[in-house]
Amino acid sequence: MRKTPGPVWYALADGRQFWELSQHELIPICNSSAMPAWDTHCLISAMEHKFRMGAKQGEAETDSEACIWWLGRMSWDGIDNPAVEKIHDRVIEERRKVGR
């Protein structure tokens with residue numbers, strides 16, 4: 001298994017880092033739903049905090065607040081909610097794989 005160097009709190013069970021999941025899976029979902037770039041940025045930032053939540057000592061509450069904050073920055077104008085749900089579900093799946 002190829003393991004990408006990086007902080008353990010961003011590591012996926014398969015050895016990749018969260019940014020690789022974002023680049024190869026999550027952002028393409030946003031793009032295929034025609035989500036505006038700013039909303040994509042906000043959603044991915046929120047999901048990064050969601051994924052990390054509970055992994056970095058003493059940061060669970062901060063990550064929860066940051067996730068909510070980033071979601072609040074989205075315009076939600078014309079956003080394809082099934083795409084948002086798909087991304088959220090994918091992040092939850094990855095959290096489960098690493099025991100969070």
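A crossing of two helices is right-handed if the near helix is turned clockwise from the far one by less than a right angle, and left-handed if anticlockwise. The views below show a predicted model.

**View 1. Helix 1 packs against helix 4 in a right-handed crossing.** Two packed helices are described by the angle between their axes and the distance between the axes. For helix 1 and helix 4 the angle is about 160 degrees and the axes are 10 Å apart. Angles over 145 degrees count as roughly antiparallel, so helix 1 is roughly antiparallel to helix 4. Helix 1 supplies F18, L21, E25, L26, I29 and C30. Helix 4 answers with A83, K86, I87, R90, V91 and E94. The contact of helix 1 with helix 4 holds eight nonpolar residues and four charged ones, with no polar residue.

**View 2. Helix 1 crosses helix 2 obliquely.** Helix 1 spans residues 18-32 and helix 2 spans residues 37-52. Their axes come within 11 Å and cross at roughly 140 degrees. That angle makes helix 1 oblique to helix 2. The crossing of helix 1 with helix 2 is right-handed. On the helix 1 side, F18, S22, L26, I27 and C30 take part. On the helix 2 side, the partners are T40, L43, I44, M47, E48 and F51. By class, the contact of helix 1 with helix 2 has eight nonpolar, two polar and one charged residue.

**View 3. Helix 2 and helix 4 pack at an angle of about 25 degrees.** Helix 4 covers residues 81-97, and its axis is 9 Å from that of helix 2. Angles under 35 degrees count as roughly parallel, so helix 2 is roughly parallel to helix 4. The crossing of helix 2 and helix 4 is right-handed. L43, M47, K50, F51 and R52 come from helix 2. V84, I87, H88, V91, I92, E94 and R95 come from helix 4. Sorted by class, the residues of the contact of helix 2 with helix 4 are seven nonpolar, one polar and four charged.

**View 4. C30 and C42 are buried but do not form a disulfide.** C30 has a relative accessibility of 0%. C42 has a relative accessible area of 0%. The closest cysteine sulfur to that of C30 is in C42, at 11 Å. From C42, the closest cysteine sulfur is that of C30. A disulfide needs the sulfur atoms within 2.5 Å, so 11 Å is too far for a bond. The disulfide count is zero.

**View 5. S22 is a buried residue of helix 1.** The relative accessible area of S22 is 5%. Burial means under 20%, so S22 counts as buried. Beyond four places in sequence, S22 touches I27, P28 and I44. S22 is also one of the helix 1 residues that meet helix 2.

**View 6. W9 sits in the segment before helix 1.** W9 is partly exposed, with 26% relative accessible area. Setting aside residues up to four places away in sequence, W9 touches F51, R52, A55, K56 and R100. Among them, F51 and R52 belong to the helix 2 side of the contact with helix 4. The C-alpha atoms of W9 and Q57 are separated by 9.5 Å. Along the chain, W9 and Q57 are 48 residues apart.

**View 7. R73 lies in helix 3 and is partly exposed.** Helix 3 runs over residues 60-73. R73 has 34% relative accessibility. Apart from neighbours within four places in sequence, R73 is in contact with W38 and C42. C42, one of these partners, is buried. The C-alpha atoms of R73 and Q17 are 25 Å apart, across 56 residues of chain.

**View 8. A34 has a positive phi in the loop between helix 1 and helix 2.** Most residues other than glycine have a negative phi. The phi of A34 is near 60 degrees. A34 is exposed, with a relative accessible area of 62%.

Terms used. Residues are numbered from 1 along each chain as its sequence is written. This is a predicted model: local features need pLDDT of at least 70, side-chain atom pairs count only at pLDDT 80 or more; totals for chains, interfaces and linings use all residues. Side-chain values use heavy atoms; hydrogens and water are left out. Buried means under 20% relative accessible area, exposed over 50%, partly exposed in between (1.4 Å probe, protein chains only). Axes are lines fitted to C-alpha atoms, for helices over the stretch in contact, and angles run from 0 to 180 degrees between N-to-C directions. Helices (H or I, at least four residues) and strands (E, at least two) are DSSP runs, numbered from the N terminus. Angles under 35 degrees count as roughly parallel, over 145 as roughly antiparallel, 65 to 115 as roughly perpendicular and the rest as oblique. Contact means heavy atoms within 4.5 Å. Ala, Val, Leu, Ile, Met, Phe, Trp, Tyr, Cys and Pro count as nonpolar, Asp, Glu, Lys and Arg as charged, and the others, Gly among them, as polar.
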